[in-house]
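Me: I am new to this structure and would like a close look at a single part of it. Please take one helix and its surroundings slowly, and then show me a little of what lies elsewhere.

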Amino acid sequence: MRTIGFRVDVAEHIGTGHLQRCLTLAREFRKISISSIFFVREYDKELLSLITISGFIYHVIGYSSLESISEDHSYWLGVSQEQDAQEFIYAVSEQPIDMMIIDHYSLDSVWEDMVKDTVSLPVAVIDDLENRKHTCDLLIDQNYWPNPNSRYDGLVSSHCLRLLGPKYALLRDEFISLREPKMQKSSNKLETVLVNFGGVGNLRVWKSFLPALVKCHKFNFHVITGKLSSEDFHYCENIVKQSKHIFLEEKTDQMSYLMKSSDFALGACGSTVWERFCLGLNSALIDVADNQKDLVSYLHERNLIDYLGSLDNITVNSISKYLTDLSMNSLKYQKRRKEIMQLVDGMGADRVAKNIMLIHSNKYNEKVLGTI
């Protein structure tokens, strides 16, 4: 195998998590001299720079502009699955690949069948919604669910290999090296809370959280807003400009190290959950989208996180009360830290890459034997 093709998008309405986990896999393949190319629709060229900054190339298969954002993921493409599949097939004819990896809530067996009928390649799908059928050889769902073994029954074939659970969480290499025990902090130093709700910022979140952080002087806060318009970022800066216990920035390339050096986190229930777990960083989460509600509820039920509520019902007062009552050195959090680190060991990308190689090897052998 020489080249992996990723079909994934990044945009304000999609977020950066899908792309980030694909980039993690691409880095894993690069270790064994397998190249990667990302096939994308262009919504926001600035966000696509995340691919080139990571040392990979992308091929724009089409352009999309959405006037309004629907909560129904099937509308996130901005075009039909059929059109997207046709544009992908044309792109692959110019940029040959040996295997496809798809990470997209808007794509399902409709797209996969069209592509597989034209381009005979093994297909791996990264998903976590369990809401549509897939025609794939391998399915990866890194999230933590009850009864995971039956989760995709009826949605994939019996021959599809399923890699399910945080054992397969797609984390960058540095998370493994940063898992050593934390250094003991000086007793007179304020504890630090890392605050981030994703790579794409949401002003609604910050209008609730920043005033609450301003009122709370028992901790230092390191805030990563995510990508915002310059007007929205200045709005956030103005809220905290008199607060010396709050450090605010829009983005960082040091997130793993910030997690390592922080004592607690406030965040959303996205892919960064598994990064925090890997480093034993306790957290209080909100859900900012419907597709996060089930997971955050189950993590809370399992006593693995604190739950602050959904974006629609949190308030400045509810956040302030939580922070006032928070005692992060309690036995509850010490016990939880051990549990979340046991759940995520940081080796997921290696496990997934090896299984993808195995699937490709088996498909290649079947193809060769079929021609004899």
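Reply: What follows begins with helix H2 and then turns to some of the strands. This is a predicted model, in which local features need pLDDT of at least 70 and side-chain atom pairs count only at pLDDT 80 or more, while totals for chains, interfaces and linings use all residues. Residues are numbered from 1 along each chain as its sequence is written, and side-chain values use heavy atoms, with hydrogens and water left out.

Helix H2 covers residues 45-53, and within this helix Leu47, Leu48 and Ile51 are buried. Buried here means under 20% relative accessible area, exposed means over 50%, and partly exposed lies in between, with a 1.4 Å probe and protein chains only. Helices (H or I, at least four residues) and strands (E, at least two) are DSSP runs, numbered from the N terminus. Seen down the axis of H2, the buried residues fall within an arc of 105 degrees, so they line one face of the helix; the arc is that of the directions from the helix axis to the C-beta atoms. The face turned away from this buried side carries Lys45 and Ile53, which are exposed. On the buried side, the residues of H2 pack against helix H1 (17-30), strand S2 (35-42) and strand S3 (57-63), where contact means heavy atoms within 4.5 Å.

Both ends of the helix can be described as well. At the start of H2, a side-chain oxygen of Asp44 reaches to within 2.9 Å of the backbone nitrogen of Glu46. Just after H2, Gly55 takes a positive phi of about 90 degrees.

Elsewhere, strand S6 (138-141) has both of its faces covered, since Leu138 and Ile140 on one side and Leu139 and Asp141 on the other are all buried. In a regular strand the side chains alternate between the two faces of the sheet. S6 pairs in the parallel sense with S5 over 3 bridges, and also in the parallel sense with strand S7 (residues 161-164) over 4 bridges; two strands pair if DSSP finds at least two bridges between them. Leu139 of S6 is the bridge partner of Val125, and Leu139 also stands opposite Arg162 in S7.

The loop between strand S5 (123-126) and strand S6 holds Lys133, which counts as exposed at 51% relative accessibility. Leaving aside residues up to four places away in sequence, Lys133 touches Asp108, Ser109, Glu112, Gly154 and Leu155.

Conventions. Polar contact = N/O pair within 3.5 Å; in protein donor to acceptor, adjacent residues only side chain to side chain.
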